[in-house]
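The following exchange asks how certain descriptions of a structure are justified. Please consider the sequence and the model first.

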Amino acid sequence: MCGIVGYIGEQDATPIILNGLKRLEYRGYDSAGLAVMQDGKIEIRREAGKLSKLASLIENQPVSGKMGIGHTRWATHGEPSARNAHPHLSSNGDFVVVHNGIVENFLELKEELSSEGVIFRSDTDTETIVHLVERYYSSSSGLVEASRKALKQLKGAHGIVIMSSREPDKIIAARIGNAGGVVIGFGESEMFIASDIPAILEHTRRVIFLESGQMAIVTQHNVQVQTLDGETILPQIHTISWDPVAAEKGEYRHFMQKEIHEQVRSLTDTLAGRVDFDEGRIHLDTLNLTAEKARKIEKIIVTACGTAAHAGMVGKVLIERIAKIPVEVDIASEFRYRDPLVNSNSVVLAISQSGETADTLAAMEEARKKGAMLWSIVNAIGSQAMRLADGCISMQVGPEIGVASTKAFTAPLVDLYMLAVLLGDLRGELSATERKRLVADLSLIPDLAGKCLDREEEVKKVAYALKDTHNALYLGRGINMPIAYEGALKLKEISYIHAEAYPAGEMKHGPIALVDKNMPVIAIAPRDPWYDKMISQVEQVKARGGIVVVVATDGDEKARELADYVLWIPETPWLLSPVITVIPLQILAYHIATLRGLDVDQPRNLAKSVTVE
């Protein structure tokens, strides 16, 4: 959730840190700060609110140096304020820390340090870390050993960066558990540290990722990685192919709008290298799946949070229908607390855009303890969910900056479809003819997505009509029932309009009582096996005076006759229809939010990567 940037080299660290933090704004934050080594002393600038306030502070009180660390904070302990913003200094001013995560034994450590005479200047749990480093530091042990001892005192999951005026030739970075990533970037006579790749992508594409329980000693020219017990690690250097331009808005007003429109490319990239249209085969080599392993699978549990969980709900229909394997969908935050029934013949499939979602990682660890095979579908290359898994599928969509996920929702839908076809093939559940038809249908998807995007102006007209509503009801059935949930979530996330989603068959079991002239009902009713049932629901809403918006297939005269507004989509193979039906709902939510004058990319109270429980 919080963002971290660090730099050591020959350039002025201040603008590099500020720019890096700017690129991490999508993670969500309520205050920001930086610490720079200036003339042998640590200088700190902190401010509550947006980065622009910190930039103004630095303009009035300049600070520069060759080494520094910065942070955007999302409050967990202590209200959002300048005094609680990171970085935090030690009592003697010689040590400084930025931190992602929650120190679970904060009260115990604070009481212990206070009894030793330490005076706390903030309400944060983070401040305990810097005081511990000061406590353990001595000229004989040095910063590395002091940091190691301090880190071992902490309970919980953390990403931590430490700097000291006593040893101004190095920065210490560490990762404990799943409080978000720690990335180290290699430059020319300079090194970079960040909690996420976009912060440093304009400077370098050569990076390493810290695993849990590892710390890095970063100098101007290199990095040494060790375990918290001092064992030396030889990390793998990754070359990131993302173009820095991909992290810019370009011609679009918001990152979310840009990412909605990137779906043609992202869906194309999702298929790249994985589909043999000539032979009608799917290749997911990174899944490490064999026919023998596929036949042993008795059950798949998809675990995820939020939008990713909705993708998993679609995946359940796909895998059960195509591969004939029972599938459960489990919200990750609940999975580990209910003693899940999994074994060596079970697969737990985690879906996460960031690959660093704390609840999802905890669910994976619980599944590992019980002997299940672990798979993941992840966007962030090198993330923890990718590394924990026995096999993975990369979304291949590039950076997603907007908090409300769009292209990182449609990509895993296609990934799950490909997985279902591969499993069905390996288990002998598909004839050659059926397999080739299913694979051939994939070739249609990028173009169908493009046709939806071409209709943005039509959707915008519907947004004008609905922008002042206070509530909305989304209905779907079958494979498009999860799209009702996703559509409602998008509206809630960015427009702050109360929206609920229901399986359409549940309307008569309560929700229909809400229907009146002030309650828009958005029905997802493409031509699929549940079409007639959905039209029946639309008729019931109209009979009660409700406003109806229908997502409908081109040429559907019945939908045109019944609905107040229609969001048209091109005809699509029904098993792939969720990829297409969701796009007008993304566009609708986006334009309703912009018409209401809201911050689409950084909606209130939300963060892109939820790295605390």
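Q: What makes strand 24 and strand 27 the edge strands of the open sheet?
A: In this predicted model, the open sheet has 5 strands in the order 24-23-25-26-27, with parallel pairing. Strand 24 (498–503) and strand 27 (565–569) each pair on one side only, and they are the edge strands. From one strand to the next, the twist averages 20°.

Q: How do you know that strand 23 and strand 24 pair?
A: Pairing requires at least two bridges between two strands. Strand 23 (residues 471–476) and strand 24 are joined over 6 bridges in the parallel sense, so the criterion of at least two is met. One of the bridge partnerships links G476 with P503 in strand 24.

Q: Which strands does helix 18 touch where it packs on the sheet?
A: Helix 18 (residues 531–543) touches strand 23, strand 25 and strand 26 (547–553). Its direction makes about 165° with that of strand 25. Helix 17 (residues 481–495) lies across strand 23, strand 24 and strand 25 (520–525), running at about 175° to strand 24.

Q: Why is S189 called partly exposed?
A: Buried means under 20% relative accessible area and exposed means over 50%, with partly exposed in between. S189 has a relative accessibility of 36%, and therefore counts as partly exposed. S189 lies in the loop between strand 9 (183–186) and strand 10 (191–194).

Q: Why is N288 also described as partly exposed?
A: The relative accessible area of N288 is 42%, so N288 is partly exposed. The loop that holds N288 runs between strand 17 (281–282) and helix 8 (291–296).

Note on methods:
Residues are numbered from 1 along each chain as its sequence is written. This is a predicted model: local features need pLDDT of at least 70, side-chain atom pairs count only at pLDDT 80 or more; totals for chains, interfaces and linings use all residues. Side-chain values use heavy atoms; hydrogens and water are left out. Helices (H or I, at least four residues) and strands (E, at least two) are DSSP runs, numbered from the N terminus. Axes are lines fitted to C-alpha atoms, for helices over the stretch in contact, and angles run from 0 to 180 degrees between N-to-C directions. Contact means heavy atoms within 4.5 Å. Buried means under 20% relative accessible area, exposed over 50%, partly exposed in between (1.4 Å probe, protein chains only).
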